[in-house]
Amino acid sequence: MKKQNVRTLSLILCMFSYLLVGAAVFDALESETESSRRRILELKRTEMKKKYRLSEDDYRQIEQVVLQAEPHHAGRQWKFAGSFYFAITVITTIGYGHAAPGTDAGKVFCMFYAVLGIPLTLVMFQSLGERMNTFVRYLLWRAKQCLGLRRTEVSMENMVSVGFLSCIGTLCVGAAAFSHYEGWTFFHAYYYCFITLTTIGFGDFVALQKKEDLQEKTPYVAFSFMYILVGLTVIGAFLNLVVLRFLTMNTEDERRDAQERASIKRERGLLTMGKHSHPLTFTRCCGVTA
Amino acid sequence: MKRQNVRTLSLIICTFTYLLVGAAVFDALESKKEKTQKKKVYDRKQELMNTYNLSQFNFDELERVVLQLKPHKAGVQWKFAGSFYFAITVITTIGYGHAAPSTDGGKVFCMLYALLGIPLTLVMFQSLGERINTLVRYLLHRLKKCLGMRRTEVSMVNMVAIGFISCMSTLCIGALSFSFFEGWSFFHAYYYCFITLTTIGFGDYVALQKDHALQTNPKYVAFCFIYILTGLTVIGAFLNLVVLRFMTMNSEDEKRDAEQRALLSRNGQAGGGVGGAGRGLRNVYAEVLHFQSMCSCLWYKSREKLQYSIPMIIPRDLSTSDTYMEQGEAFSSDPLHPLHSNGCICSMHHPHSAISSVSTGLHSLTPYRLRHSKRRSSI
């Protein structure tokens, strides 16, 4: 079978296996906690209903109000700062969901905004990431020269190590900052940074959601935005270095196949021509110098 | 300034402007509703507190319980089906957040899982997307032949049109299904499919959260998973067709620059180039061009191709290469020599003229000329 097809089928199988394994592990890690927590909370709920003399219907009404009030706890989400934050989560595809358009017009605009914004952002991050990689390659080369090393070429291993260290460094800087400002543990802040910079964006931890931070703490707001965009650039640079070549593999194999087919056709054409023309043409075609 | 730097700076400015414009529009669209909704909710809260005789403290207590129960409302999230759903949202980076690991062990595993899973998934979708594009291109080519059309090549416009229509249909099919199964309006279901397949994944609408569907309705669960993965493939194929080339532009320009520099230094070493050495070099150049003239796609699209052939490039910015290009453009307007699907012109029909035109230009190959090279016109 063609190389591209083998590659594609293997990747599909890999991914399905990966999903199955992941599902099994998450089940094992979280299921138990989930069911025990649920039992405890449901007991507490029954207790409260008794305490405040609420029927099921009453409770549902209160529940509805509480759930509706939840997003408002974090302050105004749609003033300019909040909207900017939201726009970032859309075009970077992070999509926390801490704020989501409530109006239908907002939803429509959101979709159009994403259609243009996401490719723009993808190309921008890859572009900037490539520039950063080139710059780092240059700096490393100069460093090697300065240190008087004999072999001053920057190898792929060098670049990957530097890239990996930058990613870890970025995550740690973010973890330290957010654990301080948001009052999370270092681990939870690290988890937040990771989930954000991989653009997964669960929304279980979201920065700038403590009461009115978006409106009041402008330097912290600016820091958060810059951190997300710079962090995504660092991750993007690492992806540009390591992953991008694999994204174009099938296309390049296909191109190479097309060229081989074209060159075979051409060789055949020349061979038929060569039978009737000067012998030198024939030998030159085969790479033999007369 | 170097082209790559100009491109990168322009993109950065574009993105920031885009963010500012977006923020302003979202503010205008949503701010007012948010304000009125907040007031309404708080009024209702007061009303309920009065009705049921609850103090703020009591209400806060109830609120805590309600919010903690919220993820459990939608059913069991971490049994196998739910975990599989979660695993999908992690490696595709959709990340609804309807379920998120609560244990620290779960969080750690989630991070490690994503680290390997996300690149695997990216590569898989692009790989499959490229295969689909190739198949579609082939089918369209056969269709054109069957319909007896003169020009049976599949153009980029054809491919983009088909890709776009596929994306729209995928969204519509999903919208229909989810509006039926989840009880959402068609528009909200469409919005859900869009937000899911672009991997934004807000989590304001999440499938499989009603009536314990994850545990009780395996057929619907399977449909959802298949829909998400297939939809992402369709979108991935479209991105592979349209966006991927832009993501490699800087790298390709950089490679071309490096080759030019290498050529410059090699030229310098060749020195005066008179006599045997120069002629030898010229012959090799001619061979390279002979090979490369087979398909000028090499010049326009993928530089990496030449890693597999002779790693010596002559910048196409030679004055004579412009002649070659002009010939090429003449080809494109000539109906007897139609363009290939990716817009390149195969010069198989006129190899000799190409060589002769370039080899005459070799005499004028100087570093000075190279510095004033004309680059390929692209974005």
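How many residue pairs are in polar contact across the interface of chain A and chain B? Hold that thought for a second, everyone, and keep in mind that what you have in front of you is a predicted model. The count is 41 residue pairs, with both partners at pLDDT 80 or more.

So who supplies the chain A side? On that side, the helices that each give at least two residues are α1 (3-51), α2 (56-69), α3 (80-91), α4 (104-146), α6 (186-197), α8 (218-242), α9 (244-247) and α10 (249-276). The top contributor is α1(A), with 31 residues on the side that touches chain B. Sorted by class, that side of chain A has 67 nonpolar, 35 polar and 27 charged residues.

Now for the extent of this interface. People often describe an interface by the accessible area that is lost when the parts come together. Here, about 12600 Å² is buried between chain A and chain B, and carbon and sulfur atoms give 71% of that. Chain A brings 129 residues to the contact, and chain B brings 133 residues.

Let's turn to charges. Side chains of opposite charge can pair when their charged atoms come close. Between chain A and chain B there are six salt bridges. One to find on your screen is K51(A) with E61(B), at 3.3 Å from N to O.

Over all chains, the salt bridge count comes to 21. Here is one within chain A: E254(A) and K2(A) pair through their side chains at 3.2 Å, N to O. These two connect distant parts of the chain, since K2(A) sits in the segment before α1 and E254(A) in helix α10, 252 residues apart.

Next, have a look at the surface of chain A. Which residues form a nonpolar patch there? They are F135(A), Y138(A), L139(A) and W141(A), and together they have about 410 Å² of accessible area. To get your bearings, F135(A) is in helix α4 of chain A.

Last stop, chain B. Please find A81(B), in helix α3, residues 80-91. What does A81(B) touch, once we leave aside its neighbours within four places in sequence? The contacts are L214(B) and F225(B). As for F109(B), this residue is 28 residues from A81(B) in sequence, and the two C-alpha atoms are 18 Å apart in space.

To leave you with one picture: the two chains share 41 residue pairs in polar contact and six salt bridges, and α1(A) gives the most to chain A's side. Thanks, everyone!

Notes:
Residues numbered from 1 in each chain as written. Chains lettered and ligands numbered in written order. Predicted model: local features only at pLDDT ≥ 70, side-chain atom pairs only at ≥ 80, totals over all residues. Heavy atoms only, no water. Contact = heavy atoms within 4.5 Å. Buried area = accessible area lost by both parts, 1.4 Å probe. Salt bridge = Lys/Arg side-chain N within 4 Å of Asp/Glu carboxyl O. Polar contact = N/O pair within 3.5 Å; in protein donor to acceptor, adjacent residues only side chain to side chain. Helix = DSSP H or I, 4+ residues; strand = E, 2+ residues; numbered from the N terminus. Nonpolar A, V, L, I, M, F, W, Y, C, P; charged D, E, K, R; others polar. Patch = residues over 30% accessible without salt bridge, like charges linked within 9 Å, V, L, I, M, F, W, Y side chains within 5 Å. Areas by Shrake-Rupley, 256 points an atom, 1.4 Å probe, with all protein chains shown as cover.
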